[in-house]
Amino acid sequence: MINSNEVSPVKMSQEQKQDIMRSILKEESMINITLKPIEQEVFLTEDPQVALIKLKCFQELINKERLAYAEHLAEVFEMIGDDAYRNLGFILKQFVQDSYSIQLSIIRQLPLLVEQIKKRQSGYAELKDHVLPFMNIFIMHEDFDVNISHQTQIKKEVLTQLIKIAPFLIEQDKVDTILAHLIEMAHDEKNNQNRMLAATTFGQTASLFSMKYCESYICGELLALGIDLNEFVREKAIEQLPNLSVCLSEKCIELKIIPSCEDRLLQIKFACIRSISGISKYARHNLKTTKLIPKYLDFISDQNKEVRKTAYEYLGEFISTIKFTDKDQQQLETLLAYYQNQLDKNMNMMGVDLVYKCAYYFPGVLQAIGRARWLKIQPLYGFLLKYPSDKVRISLSQSFHEVAKLLGPDLSKEYLITVLETLAQDKLQEVRNGIVVNLSKFISIFPIEERDYVIESIYQTFQERLTQMANSPDYLCFNNDTIFFQIAPILFKFCSDTVAKVRRKASKNVVHLVETFEEEGEQRTVILEQIRAFSHSKKFNQRQSYCWMCYKLFYRPDFEDLFFERLFELCRDPVQCVRLSAITVIDKFIQKESFSKERKYLKYLLVQFIDDQCKEVQQILTKYNFVIQKTKKKTLSCRSRNSGSSNGHLEDIPEFDEKIEQIRKTSGKV
C-alpha cells in the first residue's frame, strides 16, 4: 500500500506550464498537417485556462484555428474573464504580424471587445493603453512588401471601427488618437491613398469633435486637401464638405466652405454640385439666396453637357433644402423653370438617372414650393408617371402618400385617386407594393367622415390590400363599423390560415380589435366570443392561434377575467405544438413583466407544464424551477365558466359571419 504522505505533487512555475502547453500545441499542429483532412472542423475550447494559453501562444496554432479565435475574440475574452484583460496588450501584439484575413477579423471584433472593456472598473485605462495603440499601429504602418490594396483596406477598416469606438473616449484622447493621425496621413505627400482616406475620414469623424476643433483643425486640413495636386484627393475632400458643415458656424460656412466649391476641372465640378445640396441644409437662408443659388445656376447653365446633366440630377434635392419667402419669388420661379425643363425631350434623353432623381425628390420640391404651385408641376408629375422606367415608377409609388399629405384631402381627391388606381394596377410587383404598403397613410389624410367615400372609390382596386391591412394595425384608420363588418372577418380568417407565420402575425393583431371595441355593446360581445371560440376549436392550429393572441392580450388588465381560464386549459392540450406555443408566450411575457402581484396567475400556468414530455417545454421551465416548487404547495381556485358559450367549430368561421349579418340587418348596415 502506498503511503500518501510520501508522494508530493510536482511544483511547476507558470513559465514551465506554458512551455508544456506550447509543445502540446506544436505536436497537435504537426498531427493536423500530417493527416490533412478534407474538411477539418475547429472548435473553440470551453476551458478558460486553455483558451488563455492559446491566445498567448497564438502564433503556434494552425491557420484555421487562429482564424476561428480571431473571429470570436470578444466571446473568448468574455469566457476567460479577468485573466484575459490583464494580458490584453500582450495578446493583441500577437496579431500585428499575422495574415490579412486574421488582422481584418480581429479589427472587426474590437468594438465588441470595447463594449465589454468599458464595463470594467479599469476599462478606460485598458482601452487607452492597449486597444488604441494596437489600432494606431495599422494606421501608421507602411510595409512595402505587403499588398497595397490589402494595406489600404486594413487602414480603412481600422478607421471605420475607430469611429465606432470614439464615442467612449474623452475629447483629448480623440484628438491624440484620431485627429493627430488623420492630420499626419493628410500630410503624406508620397501616398495619395493615405490623403484620400484622410479626406473621407475627416468628414465622417467631424461630428465627434467640438466646433473648436472642427473649425481650427479639420476645416483647414480638409480645405487644404480640396486644392491638392491630385484630382482624386480634391474630389474626396469636396464630397465631405456637407458632413463637415454640420459642425461649423454659419460664418465659417460663408467664409471658408462655400468659396471652396469652385474648380475648373470637370470631375471636381461634379463633386461641387453634389456637395452644394448638403451644404445648403446647414447654411442660413441669406447664404442660400445670395451665394448658393447663383452658384448652382452657374452650374446648370455650364457649357459642358455632363456638368449640366449632373446639376439637373441634383436640382430637386437642392430646391428641397430651401424655404422660399415672398422676397425669393423670382429665384423660385427660375429654379422651378429649370426643374420643369425635364419635360423637354432633349433633356430627358440625358438618361434614366436624371428622371429618377427628379421623381425621387418630387415630394421635397412640392414641400418647398407649397401646394399653391401644384398646378405648375402637375404636368411634370404626369410625365414621370408615364416614363418607361421601372425604378422611376417604384420611386413614385413609394412616395405617393407623401405627395398626398402635402396636397391635402381636397387636391388629393381631385388629382390623386386616378393616379392611385393606375399605380396599383401596374404590371410591376414592386410598384404595386409601394402603393399598397402605404395605403393606410393615404386614407388617413382624409377626415374620418370622408374615409368611407374614399374606401368605396378604391375598394375594387385595393381589395387585396384591404385584406392585407386586416393583418396589421393599419386598419385602425377606419371607423368602428368598417372595422367590424369588413376588417374583423378577414383578420379572423387569417388567424385560421394554413401558414403558421400568417396565423402568428394575425393573432398578435387581434388585441387591436379588442382595444377598438372597449365600450360594452353587441359588437364587443361578438368579438370577445369569437376570440374565445378559437380556444375551443377542434383544429389544433386555431387553438394555437389563441395562445398567440394571448401574447398581446396579457398586457390588458381584464386578461384574467376574459382570457385566462382557456389559456390555463390549453397548457394541458393533447397537441404538443399548442402546449409549446402556450409556454413560449408565457415565458416571453414573464421576461418582460416578471411576476407582479397583479399577475400571480402566471405561476399557476407554469405549474401545468411540470409533467410535460416535450424537451423544449422542459428547457423553458428550468429557469422557473424555484417559482414552480413554491407554487406547487398552494392550491389554485379558478372560477368556473360556461365553456359551451361557443361551439368551437371554426373551419370556415360560419358563426361569426352569421352574427355579423344579424347585426348588419338590425343596424341597417346592409
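Reader: What makes the Glu115 and Lys118 contact a salt bridge?
Author: In this predicted model, the side chains of Glu115 and Lys118 come to 3.4 Å, N to O. The cut-off is 4 Å between a Lys or Arg nitrogen and an Asp or Glu carboxyl oxygen, so the pair qualifies.

Reader: Why is Glu115 called partly exposed?
Author: Its relative accessible area is 35%. Partly exposed covers the range between 20% and 50%, so the label follows. Lys118, at 43%, is partly exposed too.

Reader: How do you know that Asp173 forms a salt bridge with Lys128?
Author: The closest N and O atoms of Asp173 and Lys128 are 3.5 Å apart. That is within 4 Å, therefore it counts. The pair links distant parts of the chain: Asp173 sits in helix H10, Lys128 in helix H8, 45 residues apart.

Reader: Is Asp173 buried or exposed, and why?
Author: Asp173 is buried, at 6% relative accessible area. Buried means under 20%, so the value fits. Lys128 has 41% and is partly exposed.

Reader: What makes Arg524 and Glu520 a salt bridge?
Author: Their closest N and O atoms are 3.4 Å apart. The limit is 4 Å, so the pair passes.

Reader: Which residues join Arg524 and Glu520 in one network?
Author: Glu518, Arg556 and Asp558 join them, through salt bridges that share partners.

Reader: Why is Glu520 called exposed?
Author: Glu520 has 66% relative accessibility. Exposed means over 50%, so the name holds. Its partner Arg524 is buried, at 6%.

Reader: How many salt bridges does a search of the whole structure find?
Author: The search finds 28.

Notes: Residues are numbered from 1 along each chain as its sequence is written. This is a predicted model: local features need pLDDT of at least 70, side-chain atom pairs count only at pLDDT 80 or more; totals for chains, interfaces and linings use all residues. Side-chain values use heavy atoms; hydrogens and water are left out. Buried means under 20% relative accessible area, exposed over 50%, partly exposed in between (1.4 Å probe, protein chains only). Helices (H or I, at least four residues) and strands (E, at least two) are DSSP runs, numbered from the N terminus.
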